Amino acid sequence: MASLDLGAAKETRPMRRDKPRRLPRALTTVFWFALAWGLLIGLWELGTAQGFLNDRILPPPSETIPFLLSGGANVGFGVQKAGLIDAVVVTLGRIAIGLSCGLGLAVLVGALIVEFVPARRLFMPIVQTIAPISPVAWIPFAIAIVGIGDPAAIFVVFMAIFGSMAVAAVAAFDAVPGEYVKVATTLGAGRLRIWFRVLLPGALPGIMTMTRMSLFGAWMAVLAGEMAGINSGLGYLIMMGQQMYNMKLVMSGIITIGAIGFLLDRVMLLIQHRVLWWERRT
Amino acid sequence: MTARTGAGIRPAIRFDHVSKAFDNRPAVEDIDLAVAPGSFTVLIGPSGCGKSTLLGMSAGLEPPTEGYVFVHDCEVKGPTEGTALLFQQHNLFPWMTAAGNVAFALENTGLSRRDARGEALRLLGHVGLGAFADKVPAELSGGMRQRVALVRAFALKPRLLLMDEPFGALDHQTRRMMQAYLLATWRDSGATVMLVTHDLTEALVLADRIVLMSGSPGRVTEVIDVIAPRPRDLADPALAAICRRLEAHLEAEAIRGEFGPDELARLGVLS
Ligand SMILES: Nc1ncnc2c1ncn2[C@@H]1O[C@H](COP(=O)(O)OP(=O)(O)O)[C@@H](O)[C@H]1O
Ligand SMILES: [Mg+2]
């Protein structure tokens with residue numbers, strides 16, 4: 001009897017699936033995203049209104065969000081004055097430069113390590129040691145060498161990601177099936193052509209994944225750097241908020257960090273899909 | 001002594017006392033073998049006996065540790081023009097379309113991108129793959145992928161085609177089709193083919209000559225000429241006899257390599 005029931009269930013299932021009653025997946029995701037945050041913000045608002053939460057430490061969303069949108073999140077006065085937008089632009093610029101340099105050099109060093117045995121012996125220990133160092137540890141060093149401006153922040157971002165990206169690049173190149181290189185070689189391709197047409201595209205999925213993870217690391221590193229002495233940018237804005245006991249400013253900074261971090265990851269995902277065009281076509 | 005130049009029969013490939021070791025561990029030892037030009041040779045042997053290593057040395061991807069490998073009377077010292085290689089998988093680059101893959105080979109000969117693409121489209125159209133020219137390998141069936149790879153290999157008009165279990169990943173029916181396709185292509189091209197397979201039927205259907213190898217270290221133990229008209233009729237008693245010889249050889253090799261005598265007695269294989 002049991003097996004008979006199972007058979008009947010199997011037959012009806014595909015029929016139910018024929019009706020496209022489910023919401024498109026993207027819409028469902030957005031719905032739950034909005035619901036989750038709506039609930040959290042609602043509880044928070046309620047909490048401060050009821051006095052469970054101290055509204056001087058955790059200003060309610062009804063104050064923070066208008067404050068954020070009104071462009072009131074400024075620190076300093078006169079020429080020293082810096083707004084939230086300026087801070088974001090400064091921070092993103094540092095990430096863009098640090099990440100580009102880190103990615104470029106990591107792929108180059110990774111390629112050298114893969115191509116030349118002495119390079120592997122010489123560079124591999126170095127990048128493997130640099131990889132696990134916390135980016136925050138480089139901050140004093142960076143400030144001592146290049147001062148407290150953009151170069152220090154870029155240096156910190158670079159050091160945060162370079163080691164792990166180089167290690168990941170080597171892994172990505174090593175993971176390209178040897179057949180591809182052998183086939184390309186017998187088809188008469190030179191070493192340079194093999195690098196650009198075979199090894200680089202072959203390693204691209206791995207490189208893109210690592211870049212996406214590095215973006216996350218870079219985002220963390222630059223904020224830490226800006227909080228620990230580099231006196232401009234989004235992280236600095238939050239530190240200023242703390243020093244002035246302006247919790248609305250701190251909260252605005254945190255919301256901005258979350259929102260931009262999320263957007264950056266989405267943008268990276270889009271880039272990844274575009275760059276790896278052949279993986280979408282199945 | 002004309003050993004170095006191999007004058008006379010002028011084989012397409014000649015292994016002259018070739019040994020190859022990886023990290024001092026011998027993979028193949030003292031291989032002495034000549035492959036006639038335009039012939040179809042099939043290599044058979046247990047896993048790890050060095051079949052791929054022999055192909056790799058013929059393609060100039062790996063130098064022998066001892067001895068010499070000649071292809072068309074020239075000592076192989078690197079990848080040679082006129083030698084094509086085909087594997088079981090990872091032949092086509094996934095990040096190029098079918099036409100892009102063929103064009104990649106043509107561009108290596110100095111053709112411009114445009115001309116290479118035009119020629120690639122022509123070659124693919126010629127074998128009925130025109131509609132798939134702009135598909136990436138992931139969109140093609142396993143058999144189609146190998147056909148595109150063959151088209152690409154023949155685009156450079158090779159005189160020697162080395163194939164390492166090329167149809168091993170295909171289903172039975174597709175494999176039969178691919179064998180027929182390969183035979184037709186081979187006959188039209190006049191190229192020499194050396195193919196590795198584990199499939200005895202494949203060997204009997206394709207080979208002019210079957211080279212039997214044994215493992216650890218790899219050696220050539222027997223060379224069998226298959227003299228029967230194509231298409232091959234496997235019911236032919238001569239072919240059936242060869243098939244039994246191949247089976248006996250592989251069984252003996254498996255016994256040597258994988259099982260101890262006690263285990264064999266338990267399985268009753270030796271009885
Ligand atoms: N690149 C390599 N490095 C080290 N050992 C290898 C390498 N290629 C093959 N070998 C070894 O050489 C032997 C023969 O390998 P191979 O030619 O691939 O055998 P087959 O193709 O007959 O299965 C095996 O023992 C294998 O482990
Ligand atoms: Mg092999």
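Below, a colleague asks how some statements about this predicted model are justified, and the modeller answers.

Colleague: What makes Gly48(B) a polar contact of ligand 1?

Modeller: A backbone N or O atom of Gly48(B) lies 2.7 Å from an oxygen atom of the ligand. The cut-off is 3.5 Å between N or O atoms, so the pair counts as a polar contact.

Colleague: How do you know that Cys49(B) and Thr53(B) belong with it?

Modeller: For Cys49(B), a polar backbone atom is 3.3 Å from an oxygen atom of ligand 1. For Thr53(B), a polar side-chain atom lies 2.5 Å from an oxygen atom of ligand 1. Both pairs are therefore polar contacts, since the limit is 3.5 Å. As for cover, ligand 1 taken alone exposes 550 Å², and the protein buries 58% of that.

Colleague: Which residues surround ligand 1, and why are they said to be near it?

Modeller: The shell includes Phe22(B), Ala27(B), Pro46(B), Lys51(B) and Ser52(B), as well as Gly48(B), Cys49(B) and Thr53(B). They are called near because each has a heavy atom within 4 Å of the ligand. Helix 1 (residues 51-58) of chain B gives the largest share of the shell, 3 residues.

Colleague: What makes up the shell by class?

Modeller: There are 4 nonpolar, 5 polar and 1 charged residues. Lys51(B) is in the shell, and Lys counts as charged, so Lys51(B) is the charged one.

Colleague: Where does the term "transmembrane region" come from in chain A?

Modeller: It comes from the UniProt annotation, an unreviewed entry, which covers residues 152-173 and 216-237 among others. In the model, residues 152-173 of chain A are 100% helix, with end C-alpha atoms 31 Å apart. Residues 216-237 of chain A are 73% helix, and their end C-alpha atoms lie 20 Å apart.

Colleague: Where in chain A is confidence lowest?

Modeller: Helix 1 (residues 2-18) of chain A has the lowest confidence, at a mean pLDDT of 43, while helix 8 (residues 178-186) of chain A has the highest, at 96. Over residues 1-18 of chain A the pLDDT is below 50, and beyond near neighbours in sequence this stretch has 0 contacts in the model. For chain A the mean is 87, and 88% of its residues reach 70 or more.

Colleague: What is set apart about the backbone at Asp73(B)?

Modeller: Asp73(B) has a positive phi of about 70° although it is not a glycine. The residue lies in the loop between strand 4 (66-71) and strand 5 (74-75) of chain B.

Methods: Residues numbered from 1 in each chain as written. Chains lettered and ligands numbered in written order. Predicted model: local features only at pLDDT ≥ 70, side-chain atom pairs only at ≥ 80, totals over all residues. Heavy atoms only, no water. Polar contact = N/O pair within 3.5 Å; in protein donor to acceptor, adjacent residues only side chain to side chain. Areas by Shrake-Rupley, 256 points an atom, 1.4 Å probe, with all protein chains shown as cover. Helix = DSSP H or I, 4+ residues; strand = E, 2+ residues; numbered from the N terminus. UniProt positions renumbered as here; feature names shortened; annotations may be inferred. pLDDT = per-residue confidence, 0-100. Contact = heavy atoms within 4.5 Å.
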